[in-house]
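Thanks for passing this one along. Here are my notes, numbered so that you can reply point by point.

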Amino acid sequence: MFELYKKRDLSANFSDTTTFFKTFGKHYFKNYFVINGIFLMILVVLIYFISKVYMELIFSGITNMQNNPNYLMAYFNNNMALIFVGFIVTFLLIVILSMLNISFPVIYLKLYEKTNTNHFTTQEIINGLKANVGKMIVFFLGALFIIMPLAIIIFGLLFLLCFILVGIPLIFIIGSAFMSWITLSYYEYILKDVGFFKALANGFRMVKQQFWTIVGTTFLMMMLVQIIQGFITMIPYVLSMIWMFVSTQDIQAQTSKADTFSTMGIIIAVIMVFSVLLSYVFNNFILINQGLIYYSLQEENENNSTKSQIDLIGTDFE
């Protein structure tokens with residue numbers, strides 16, 4: 001059986017993340033898409049149409065720029081209400097999906113900790129999410145009005161330091177530490193009976209406890225995910241760019257520029273949708289990795305392995 005409560009170094013954090021998905025990946029993602037699927041579908045449809053309309057608008061603006069220099073401004077002015085509603089709906093969907101996306105692995109690991117198996121149902125995961133809706137909203141509001149302004153100040157200063165090169169390594173180090181601090185704080189907030197600020201304090205203490213191991217693990221995991229995701233996304237992107245380049249070579253000779261621009265808009269919209277889906281799916285690897293860091297730190301601080309081993313012995317006899 002897979003051990004949650006286990007002391008891990010940087011190498012173990014990676015290997016155990018891989019082992020987790022090899023062992024439970026099918027069950028994990030099946031439930032992930034059942035719970036998040038409807039929201040993902042609505043979001044990608046919205047993103048598709050928004051991207052398609054936006055790109056067609058840009059291409060139309062290029063085509064009509066000589067006849068009507070204010071074409072783009074006139075379009076936005078005439079459709080302000082529709083644009084505003086689309087923005088609000090998309091924003092709300094992103095908020096809901098983000099809360100579900102970060103909460104799903106927390107509840108999944110909590111249920112695994114409770115049962116020592118993955119023999120729990122989708123409904124149990126949903127019940128766990130429902131039970132924590134209040135906490136999810138509080139943490140989101142705290143992140144929006146407290147953590148985000150702090151992040152803007154910190155990373156604004158780091159960006160300025162990049163001009164003297166000192167900020168470049170600091171961005172990677174502090175960025176990884178900041179991301180891990182928020183994620184570990186969220187695990188603490190959902191899994192334990194603590195308040196928002198207490199969870200942030202505990203999360204900060206956990207990051208300090210194994211600073212370089214946590215920063216190294218987080219940075220390497222994010223880089224690995226970005227490289228894999230970027231490589232997968234790059235294939236259709238490169239093919240579409242080649243097609244667009246070939247198509248635009250003789251665009252002046254074509255009877256209708258609109259058809260070519262419309263096709264370009266569709267291709268770019270599809271790539272955008274594909275990128276968003278991959279981003280949400282691959283984010284689970286980072287969140288589970290952070291969860292394993294959290295349980296590893298809990299083992300160091302509370303020595304839960306004895307209780308866990310006793311429970312595992314019971315499951316082995318079943």
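1. Leaving aside neighbours within four places in sequence, which residues is S185 in contact with? They are F139, A199, L200, G203 and F204, where contact means heavy atoms within 4.5 Å.

2. A word on the basis. This is a predicted model, in which local features need pLDDT of at least 70 and side-chain atom pairs count only at pLDDT 80 or more, while totals for chains, interfaces and linings use all residues. Residues are numbered from 1 along each chain as its sequence is written, and side-chain values use heavy atoms, with hydrogens and water left out.

3. S185 sits in helix 6; helices here are DSSP runs of H or I, at least four residues, numbered from the N terminus. S185 counts as buried because its relative accessibility is 0% (buried is under 20% relative accessible area, with a 1.4 Å probe and protein chains only).

4. The S185 side chain has two backbone oxygens to look at: that of W181 at 2.6 Å, and that of A199, 3.4 Å from a polar side-chain atom of S185.

5. Now the packing. The largest nonpolar core (buried Ala, Val, Leu, Ile, Met, Phe, Trp, Tyr and Cys residues joined through side-chain atoms within 4.5 Å) has 60 residues, and F20, Y28, Y108, I125 and L184 touch the most other members. Helix 3 (80-115) is among the helices that each supply at least two residues, and helix 3 gives the most, with 12.

6. Y108 is worth displaying: beyond four places in sequence, Y108 touches F20, F24, H27, Y28, N118, F120 and I125. A second, separate core of 6 residues includes F14, M221, V225 and F282.

How values were computed. Buried < 20%, exposed > 50% of the residue type's maximum accessible area, 1.4 Å probe, protein only. Polar contact = N/O pair within 3.5 Å; in protein donor to acceptor, adjacent residues only side chain to side chain.
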